[in-house]
There are 2 protein chains.
Amino acid sequence: MDKILRINMSGTKGPTIKTEPLGDYTGLGGRAMTSTIVAKEVSPTCHALSAENKLVISPGILSGTAAAMSGRISVGCKSPLTGGIKESNSGGQPSQMLARLGYAAIILEGKPGNDHLYKVVINKDGATIAPADELKMLGNYDVVEKMKAAHGEKIACISIGPAGEMKMGAASIAFTDMELRPTRHAGRGGVGAVMGAKGVKVIVVDDAGTQMRQGKNPEKFKEANKAFVAGLRQHPVTGKGMAAYGTNVLTNVINEAGGYPTRNFKTGQFEGAAKIGGEALAKLENERGGEGSATNGCHRGCVVRCSGTFYDKNGQYVTKQPEYETVWAHGGHCGIDDLDAIAQMDRLEDDFGLDTIEMGVTLGVAMDAGLAKFGDAKAAIKLIKEVGQGTPLGRILGSGAAVTGKVFGVERVPVVKGQAMPAYDPRAVKGIGVTYATSTMGADHTAGYAVTANVLGVGGTVNALKPEGQVELSRNLQVATAAVDATGMCIFVTFATLDIPEAFQALLDLMESCTGQPMTAEKFIDFGKRILKLEREFNIAAGFTKSHDRLPEYFKKESLTPHKVVFDVKDQELDQVFNF
Amino acid sequence: MDKILRINMSGTKGPTIKTEPLGDYTGLGGRAMTSTIVAKEVSPTCHALSAENKLVISPGILSGTAAAMSGRISVGCKSPLTGGIKESNSGGQPSQMLARLGYAAIILEGKPGNDHLYKVVINKDGATIAPADELKMLGNYDVVEKMKAAHGEKIACISIGPAGEMKMGAASIAFTDMELRPTRHAGRGGVGAVMGAKGVKVIVVDDAGTQMRQGKNPEKFKEANKAFVAGLRQHPVTGKGMAAYGTNVLTNVINEAGGYPTRNFKTGQFEGAAKIGGEALAKLENERGGEGSATNGCHRGCVVRCSGTFYDKNGQYVTKQPEYETVWAHGGHCGIDDLDAIAQMDRLEDDFGLDTIEMGVTLGVAMDAGLAKFGDAKAAIKLIKEVGQGTPLGRILGSGAAVTGKVFGVERVPVVKGQAMPAYDPRAVKGIGVTYATSTMGADHTAGYAVTANVLGVGGTVNALKPEGQVELSRNLQVATAAVDATGMCIFVTFATLDIPEAFQALLDLMESCTGQPMTAEKFIDFGKRILKLEREFNIAAGFTKSHDRLPEYFKKESLTPHKVVFDVKDQELDQVFNF
């Protein structure tokens with residue numbers, strides 16, 4: 001990974017491509033790369049859909065090596081949804097492949113002066129860009145089929161669906177998985193709209209003729225990876241729970257804990273949880289005679305394999321095994337307890353190129369606006385189809401929960417910095433509430449997953465229902481996560497690195513032996529802090545203040561059943577999250 | 001004016017009304033009253049449609065007296081459109097009548113726990129509130145007809161149309177004029193949505209049995225009023241231009257100056273300007289055999305009488321003589337040069353209860369989004385009807401230009417703090433650009449009308465095309481305007497008070513002899529500064545920073561014909577507007 005691919009869409013004679021040395025960006029990857037480039041090259045006050053914004057795609061520092069779980073790829077830009085900096089990362093195959101091709105980042109900049117939609121092809125011979133107007137308004141599944149037909153089955157694709165072309169605030173960027181399906185998404189913050197504004201429909205990556213990246217110290221690297229994998233296998237979450245049921249194992253856990261946001265965050269438990277939880281999902285998948293639950297990874301080198309495939313009653317492929325947050329957003333949040341309906345919505349959103357969290361939350365807000373009844377899966381599916389069609393109503397919903405709330409005059413809108421809250425009620429899981437409020441990303445569970453110590457007993461224990469200790473918990477996790485998001489490691493490695501000292505040391509050793517630069521726990525934490533500081537400075541320059549580091553007021557006033565709790569972490573405490 | 005009417009909509013047994021002494025609010029009126037109450041009683045971070053927000057309606061300090069032009073009324077709240085503090089003022093009869101009934105302010109607070117829509121009736125015997133569900137979704141014209149039928153022809157009405165009930169960001173509050181028509185609006189900032197969220201459809205005001213307010217020093221007051229009126233008559237703008245053609249006399253003036261924003265701010269001159277300017281409008285009105293142009297005031301005591309009535313070809317009433325900004329927003333901004341179409345749109349928006357500036361600008365943005373062609377009046381009328389009907393598309397447009405731009409992925413959206421820019425291009429009238437950028441209200445020409453010295457040669461001369469001197473000009477005007485907005489005086493008095501020292505002294509004398517409190521030029525300016533500071537502090541607490549005191553970036557980059565100018569007042573200079 002010694003070069004950057006910079007594509008300027010503004011050229012009067014069409015886009016121009018150049019390959020640059022890393023320069024100031026040497027040693028970076030993933031979130032460290034995207035946030036550094038955005039902070040350095042993008043004006044914080046620019047319009048997110050303007051030529052001034054840039055879309056940066058960057059494999060993690062360890063991507064393309066033999067390190068287990070190192071296939072995450074980061075997408076960065078100024079977010080059209082939050083108005084702040086955005087890093088949204090995804091699994092799938094492109095990270096490993098781009099890294100093996102030597103690209104530490106792709107930067108899309110400028111804006112085409114014409115109506116063409118472009119296709120980028122990257123392989124061992126370099127990169128090309130050409131109009132591909134025949135792809136206009138195709139869904140991600142169709143795009144991938146066309147790319148397979150044109151470029152063979154060994155490629156990976158990075159693409160947008162109609163939502164991205166329509167520049168919707170909920171538009172995602174799809175990354176193909178090991179089965180070459182567009183099921184992995186950089187979902188959050190409207191990154192797909194920025195790719196749409198750049199006029200790029202798909203980036204085809206073909207790593208034929210390349211080799212796995214070798215670390216600077218291959219022997220040590222191999223040892224470290226072995227220890228790392230042992231840690232992952234040893235930890236109960238990654239070794240057992242997820243490996244059996246996937247992320248959706250959380251449905252019953254969070255529901256039991258009373259932190260499962262139900263019907264647009266009105267209660268903390270859903271009577272239909274058991275019908276849509278990981279256990280029920282696994283049973284269904286096994287009954288339908290597919291591979292069964294939690295049998296797949298999303299990229300080569302995954303050892304947790306938390307994913308699977310969802311088939312319909314007739315054995316037809318529908319979508320990948322839906323994640324916990326996807327199941328929740330379309331399930332409990334909308335009062336829906338039908339896994340087939342949920343899987344269908346997941347499929348539609350993957351195809352249209354939509355963030356399943358933002359869309360599911362938006363549907364719940366739409367239900368509060370009277371557009372459908374809670375529990376009405378048919379109506380919910382119809383609404384999602386409107387988004388794909390780009391009807392006026394679909395445009396509203398595709399703009400996300402905050403805009404939908406505004407347009408329909410709804411007061412109860414669970415967003416922070418314009419981004420929808422994920423699947424954990426901040427009143428009953430207060431550590432995640434601190435993360436929602438203060439993250440540079442807007443409400444985002446992955447930015448500092450305090451569910452660990454709050455609910456799962458991972459990384460210690462902090463009582464989820466009390467305000468004490470939540471700020472420290474969230475701060476530490478936000479810092480560590482920023483660093484992990486730079487490595488290319490899947491966030492699920494943190495269960496092991498939090499609980500098993502050897503696993504954490506192995507991660508540091510992987511970094512050190514890969515890059516040849518010394519890496520200690522202290523350096524790793526400093527690295528995370530530097531990333532967060534960059535992001536926070538961007539946001540401040542974009543106009544964010546501490547008043548944006550707050551949950552909507554109703555979380556402080558409306559008591560949540562069953563625990564009868566409000567969000568009571570004090571504002572002054574929230575303002576201490578970034579006191580480093 | 002010795003009391004406040006406070007109506008709490010939250011009561012479990014229905015709304016409660018109390019009359020309170022002025023207390024801390026003694027001596028205040030108009031914008032000074034609304035901004036002080038909002039700053040003191042409303043949490044800057046609350047949701048604008050929540051029970052925590054309050055809607056404050058306050059006649060000016062001189063309202064209800066014999067002072068000429070003293071019939072403005074202020075509406076204040078946290079704005080659903082900007083997210084900051086809002087004061088939007090209106091002409092019409094209610095100000096004088098409320099003042100004569102002794103009410104210095106009406107405060108609507110809380111939120112009904114039911115679906116009722118309420119009617120408030122205020123007369124010499126006090127105030128009552130009762131459900132009036134039969135008014136649901138009626139237009140303002142129908143509401144007023146029903147109120148006339150129930151309460152006689154001597155009332156005045158303050159009401160919302162369907163837009164306010166639907167809590168749209170562009171929803172206005174209508175105030176009836178001397179002909180008891182709902183043609184005067186507190187238009188800006190979505191104040192109608194807040195009234196809608198409070199569940200109040202109409203406030204009927206009946207001042208039968210009351211008397212004109214007497215000043216503390218009636219003799220001096222009478223003298224001052226005489227001098228004041230003389231000044232207004234002597235000044236060319238209020239004595240001649242407006243008196244002949246109304247505010248629409250500006251169309252040709254601003255177009256000549258190259259600052260007439262055309263087709264969503266793409267050029268500074270409109271080829272159809274002469275067809276829709278004040279002169280053409282007057283000719284049409286005179287031809288159609290009505291009263292002719294500029295024959296009416298909006299309230300008793302007006303001596304400028306800048307208004308008139310617009311009749312259709314068949315002599316049927318359509319609307320009041322449309323104001324310059326209304327003509328521009330639906331005219332040049334949309335490429336439409338048909339006065340009949342413009343008048344029809346004005347009528348529809350008055351009836352639905354919509355801000356004509358926000359809506360016209362939104363139509364231009366919608367045209368850039370491809371929803372209609374520039375110049376297509378029929379399509380524009382159809383779009384406005386969608387707003388009144390509350391279709392999904394109508395909901396989008398009714399949410400204003402910023403939301404419409406977001407929903408349709410349009411980059412060119414002329415808003416500041418979420419509020420649409422009025423009828424003066426900030427590149428060619430740079431003083432107004434400074435006001436747009438920095439006003440506590442969002443883009444608002446009335447907040448500091450630098451068109452005076454920039455174009456009209458009133459209050460000195462500052463070259464409209466150069467950045468020099470604009471910040472000082474805008475600052476002085478913003479300060480003076482804040483004070484004038486507290487007096488109840490129509491903003492048009494400032495032409496005379498800026499140019500004629502005797503007229504300014506007469507205004508100070510009116511204040512002093514009315515209130516019995518000493519009033520000097522210095523005190524008046526201090527009064528304005530205090531109001532602005534309150535407002536700015538509220539906005540800062542609501543999350544505004546200097547990055548919000550900026551125009552959209554394209555105004556700094558795209559050159560405007562015919563003068564080939566960009567907005568080049570430096571950011572650091574903009575940050576000096578509030579350096580007092």
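**View 1. Chain B falls onto chain A by a rotation of 180° with 0.0 Å of shift along its axis (RMSD 0.0 Å).** That is the relation of a two-fold axis; the fit is by least squares on the C-alpha atoms of residues with pLDDT of at least 70 in both copies. Which residue of chain B comes closest to the rotation axis? It is B:Pro392, with its C-alpha at 2.8 Å. Please keep in mind that this is a predicted model, where local features need pLDDT of at least 70 and side-chain atom pairs count only at pLDDT 80 or more, while totals for chains, interfaces and linings use all residues. Residues are numbered from 1 along each chain as its sequence is written, and chains are lettered from A and ligands numbered from 1 in the order in which they are written.

**View 2. Here 30 residues of chain B meet 30 residues of chain A.** Contact means that the C-beta atoms of two residues, placed from the backbone, lie within 7 Å. On the chain B side, helix 15 (392-398), helix 16 (401-407) and helix 22 (521-542) each give two or more residues, and helix 15 of chain B gives the most, with 4 residues. Helices (H or I, at least four residues) and strands (E, at least two) are DSSP runs, numbered from the N terminus. This side of chain B divides into 13 nonpolar, 10 polar and 7 charged residues. Nonpolar covers Ala, Val, Leu, Ile, Met, Phe, Trp, Tyr, Cys and Pro; charged covers Asp, Glu, Lys and Arg; the others, Gly among them, are polar. The same surface serves both copies, as 100% of the contact residues of chain B recur in chain A.

**View 3. An open sheet of 6 strands in chain A follows the order 8-7-12-9-10-11, with mixed pairing.** Strands pair if DSSP finds at least two bridges between them. Strand 8 (126-131) and strand 11 (184-186) of chain A each have a single partner strand, so one side of each is left without a neighbour in the sheet. Neighbouring strands are turned by 20° against each other on average, direction ignored.

**View 4. Strand 9 (156-159) and strand 12 (200-205) of chain A run antiparallel, joined by 4 bridges.** A:Cys157 stands opposite A:Val204 of strand 12. Helix 3 (140-151) of chain A packs on the sheet, touching strand 9, strand 10 (173-175) and strand 12, and its direction makes about 140° with that of strand 9. Axes are lines fitted to C-alpha atoms, for helices over the stretch in contact, and angles run from 0 to 180 degrees between N-to-C directions.
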